[in-house]
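Biologist: I am new to this structure and would like a close look at a single part of it, set against the chain as a whole. Could you take me through the loop you find worth describing, and through what surrounds it?

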Amino acid sequence: AGELDIKVIAEGVEKAEQMNYLRARACDYAQGYYINKPLPANEATEILSELYSVNRSVDPSPRW
């Protein structure tokens, strides 16, 4: 995917071992219970707004 300039999203990440595996292989994005439980849109928006307001230089779609 990297050679084709395609972003990769890993779904269902539940353990640190899985996250470490993905980081070692330069996976672009991940989602799953290891990162956070599913949230209603308003709660997710609030969390992201707080994170972004702390450091405006942070890319809203973080990479490892």
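Modeller: What follows starts with the whole chain, turns to one loop, and ends with two further residues.

This is a predicted model, in which local features need pLDDT of at least 70 and side-chain atom pairs count only at pLDDT 80 or more, while totals for chains, interfaces and linings use all residues. Residues are numbered from 1 along each chain as its sequence is written, and side-chain values use heavy atoms, with hydrogens and water left out.

The protein chain has two helices and two strands, arranged along the sequence in the pattern β-α-β-α; here helices (H or I, at least four residues) and strands (E, at least two) are DSSP runs, numbered from the N terminus. Of the 64 residues in the protein chain, 11% are buried, where buried means under 20% relative accessible area, exposed over 50%, and partly exposed in between, with a 1.4 Å probe and protein chains only. The accessible surface of the protein chain is about 5500 Å², and 53% of that surface belongs to carbon and sulfur atoms; such areas come from the Shrake-Rupley method with a 1.4 Å probe, and for residues only the protein chains shown count as cover.

The part to look at closely is the loop between helix H1 (16–24) and strand E2 (29–31), where Asp 28 is found. Asp 28 counts as buried because its relative accessible area is 7%. A polar atom of the side chain of Asp 28 lies 2.8 Å from the backbone nitrogen of Val 8, and a polar contact is a pair of N or O atoms within 3.5 Å, of which, within protein, one must be able to donate a hydrogen and the other to accept it, while residues adjacent in sequence count only if both atoms are side-chain atoms. Ala 26 also has its place in the loop between H1 and E2, but Ala 26 is exposed, because its relative accessible area is 56%. Although Ala 26 is not a glycine, its phi is positive, at about 55°.

A positive phi is also found at Asp 5, a residue other than glycine, where the value is near 60°. Asp 5 sits in the segment before strand E1 (9–11) and counts as exposed because its relative accessibility is 65%.

Elsewhere, Ile 47 belongs to helix H2 (residues 41–54) and counts as partly exposed, because its relative accessibility is 37%. Leaving aside residues up to four places away in sequence, Ile 47 touches Asn 36 and Leu 39, contact meaning heavy atoms within 4.5 Å.
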